[in-house]
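Here is a set of questions and answers for a first look at a protein model. Each answer sets a value against the term it is meant to explain.

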Amino acid sequence: MLLVLLFGHIGLASADYAEAMRHYERQEYRQALQVFGEAAKSGDADAQYMLGRLHEAGSGTPQDFVQAHQWYNLSAARGHRHAAEARDALTSRMTAGQIADAQQAARVWKPEETPPPQAAPLSRPDIETLSDRQGIAEIQRELNRLGYDAGPVDGAMGRRTRNAIREYQADVDVKQDGYPTTGLLRRLRQTEREAVPEDSPPPRIASPRVALQDDFSDGDYRRNPAWTILSGDFEVDDNGLRSIVETQRASDRDSRRLSTDRPEEIGLAMLELILDQTGSVRRDEVPIAVEPARIFVNAPVDNAFRLELQLASRQQTGSLEVGLFQGNRPNGTGYRLVYSPGSRPGLSLVRLISGSVEVIARQEGQLELEDGRFHSIIWTRDGNGEMQVHVDDRRLLRVRDTGLRDPFQGVVMVNQGGDYTLGRVRLQDR
């Protein structure tokens, strides 16, 4: 039996909102702006959020960050799931004066004293009669209604829709497979957005600052935000940022002194150290990258952070490192999370200081992500230095380390062999 998971008195979208969404889906932005505006006057959080998107993008109207921020703020106060996040992301692109104007506009705004009567809910087609494309379109419509950004209601299964499905599945605590099924549609239809009292004050502006957010949907890793390749090759495809690196078995090597000027030695030393501690693989059997691929992005964040990743792996070779670095050297001081497919441990947490490498935590057992789908990785660090790493809602690592106390400058990813895709990344202060 399917249950209504979130309770409240906000029902289906009004007729005005539904009409506006139809204009929006057909890219008739001027008409959408007008009709969303009518619905927003009565305090419709969905319409207010969409007005924010239109003003931020300059769709159907000149681009106006002040109005976009205002509408996001009002929508967030009424419980829209994505509004606060959109507002905070926009804040980083605004001047202090613009932010002050937007906040003042949100404070003085009031809904119409006599809101128009709510129209009867629009009829929904019977699920059993829908074609595959129609079913996907209905799922997109329901996700957008609930505040999950599934993109245009076009019946096409793209990355935005799949990510929106996964976000919804995570919130309702079911398997995050991203698949558009009839069971999912039934559950979406029975889910209501949590209501917020009409007289609730505007939300606090001081929320966790988002330092980095990217899903590569613009097809270019070099802007918004700008990633920089240090070595190897990366490309953006329909699923995200992808890197493929060949490996070979290591031969006996002379002992070398580690240097941040030779990052390939650091990456190899980390992998050898991790495997040597368990004795699961001989040193001369360690698979190493023919040419490691390295990329980083500047994203200053506090010493306490939350890093969220959507990662897919397609080969059981080599290893992947994702980490945060301090200072201006992505290959230097910082923490690295090391995934070693097919090895024990499968996941390790490493501290890197001045070329020295220390494993501070490791998973007991193997980790295999090569199943053709994206996996959620959440890495957090609090003010006391306690770090936790969850993979698909399972906590695999937990350790307290105070060796690094300064803020971090950005995120670095190193492919030491394999085929990996980063579908989405989000970094914020805690």
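**Reading helix α6 and its surroundings**

Q: How do you know that the reach of helix α6 is close to the one expected at 1.5 Å a residue?
A: In this predicted model, helix α6 covers residues 96-108, 13 residues in total, and runs 19 Å from its first C-alpha to its last, which can be set beside the expected 18 Å. The two values are close.

Q: Which residues of α6 are buried, and what makes them line one face of the helix?
A: The buried residues are Ile99, Ala102, Gln103 and Ala106. Looking down the axis of α6, one finds these buried residues within an arc of 100 degrees, and therefore they line one face. As a general rule, an α-helix has 3.6 residues a turn, so residues three or four places apart point the same way.

Q: What do the buried residues of α6 pack against?
A: Their packing partners are α4 (65-77) and α5 (83-91).

Q: Why is Gly417 called buried?
A: A residue counts as buried when its relative accessible area is under 20%. Gly417 has a relative accessibility of 0%, and therefore it counts as buried. Gly417 sits in the loop between β16 (408-415) and β17 (418-429).

Q: How far apart are Gly417 and Ser340 in sequence and in space?
A: They are 77 residues apart in sequence, while their C-alpha atoms are 9.7 Å apart in space.

Q: What share of the chain is buried, and how many helices and strands does the chain have?
A: Of the 430 residues in the chain, 51% are buried, and the secondary structure comes to 10 helices and 17 strands.

Technical notes:
Residues numbered from 1 in each chain as written. Predicted model: local features only at pLDDT ≥ 70, side-chain atom pairs only at ≥ 80, totals over all residues. Heavy atoms only, no water. Helix = DSSP H or I, 4+ residues; strand = E, 2+ residues; numbered from the N terminus. Expected span 1.5 Å × (residues − 1). Buried < 20%, exposed > 50% of the residue type's maximum accessible area, 1.4 Å probe, protein only. Arc of directions from axis to C-beta. Contact = heavy atoms within 4.5 Å.
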